[in-house]
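This report covers the helix packing, the overall dimensions and the main pocket of one chain.

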Amino acid sequence: MEFAGLSDEMWVSVKITAHLAQTGLGLVIAALALVGYRRQRTRSMLALAVGISLLTFVSYLVTLAAVRVVPPVALPIPSTLTESVGLLSILYAIVLARRR
């Protein structure tokens, strides 16, 4: 089946490329936040780096690992949990860590 003139195989390639670009960008942003942590030694920068890593890089790795282990029905659960922990970490960085 084709969509927008591209075959299914091409859409898979586009999807993988988009995931890799997102993961790479997330790693760069997390690395910058980690450099900020090393300079300032603040918990908020460390929590931000961890949260961004969980949202991008770790979430993608968890999804790749889950495909091999988890049944298809439950496939989104590990990735969703990882992303939720990442969001909570970022929330901590923005709200709670600044109070200390």
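In this predicted model, H1 and H2 are roughly antiparallel to each other, because their axes cross at roughly 165 degrees and angles over 145 degrees count as roughly antiparallel. The two axes come within 8 Å, and H1 passes H2 in a left-handed crossing. No charged residues take part in the contact of H1 with H2, which divides into 14 nonpolar and 8 polar residues.

The chain as a whole has 3 helices and 0 strands, in the pattern α-α-α along the sequence. Its radius of gyration is 17 Å, well over the 13 Å given by the globule rule for 100 residues, so the chain is more spread out than a compact globule. The C-alpha trace spans about 55 × 25 × 20 Å along the principal axes.

The largest pocket holds about 250 Å³ of space. Its lining consists of 14 residues, and Lys 15, His 19, Tyr 60, Thr 63 and Leu 64 lie nearest the centre of the pocket. Helix H1 (8-40) and helix H2 (43-69) each supply at least two residues of this lining. The largest share, 7 residues, comes from H2.

The table sets out the residue classes of the pocket lining and of the helix contact.

| Group | Nonpolar | Polar | Charged |
|---|---|---|---|
| Lining of the largest pocket | 6 residues | 6 residues | 2 residues |
| Contact of H1 with H2 | 14 residues | 8 residues | no residues |

The pocket lining thus includes 2 charged residues, whereas the contact of H1 with H2 has no charged residues.

Note on methods
Residues are numbered from 1 along each chain as its sequence is written. This is a predicted model: local features need pLDDT of at least 70, side-chain atom pairs count only at pLDDT 80 or more; totals for chains, interfaces and linings use all residues. Side-chain values use heavy atoms; hydrogens and water are left out. On a 1 Å grid over the protein atoms alone, a cavity is a set of points where a 1.4 Å probe fits but cannot get out, and a pocket is an open set with protein on both sides within 12 Å along at least five of seven lines; lining residues have an atom within 4 Å of a point. Grid points are joined across faces, edges and corners, and a volume is the space filled by probe spheres set on the points. Helices (H or I, at least four residues) and strands (E, at least two) are DSSP runs, numbered from the N terminus. Ala, Val, Leu, Ile, Met, Phe, Trp, Tyr, Cys and Pro count as nonpolar, Asp, Glu, Lys and Arg as charged, and the others, Gly among them, as polar. Axes are lines fitted to C-alpha atoms, for helices over the stretch in contact, and angles run from 0 to 180 degrees between N-to-C directions. Angles under 35 degrees count as roughly parallel, over 145 as roughly antiparallel, 65 to 115 as roughly perpendicular and the rest as oblique. A crossing is left-handed if the near helix is turned anticlockwise from the far one by less than a right angle, and right-handed if clockwise. The radius of gyration is taken over C-alpha atoms; the globule rule is 2.2 Å times the number of residues to the power 0.38.
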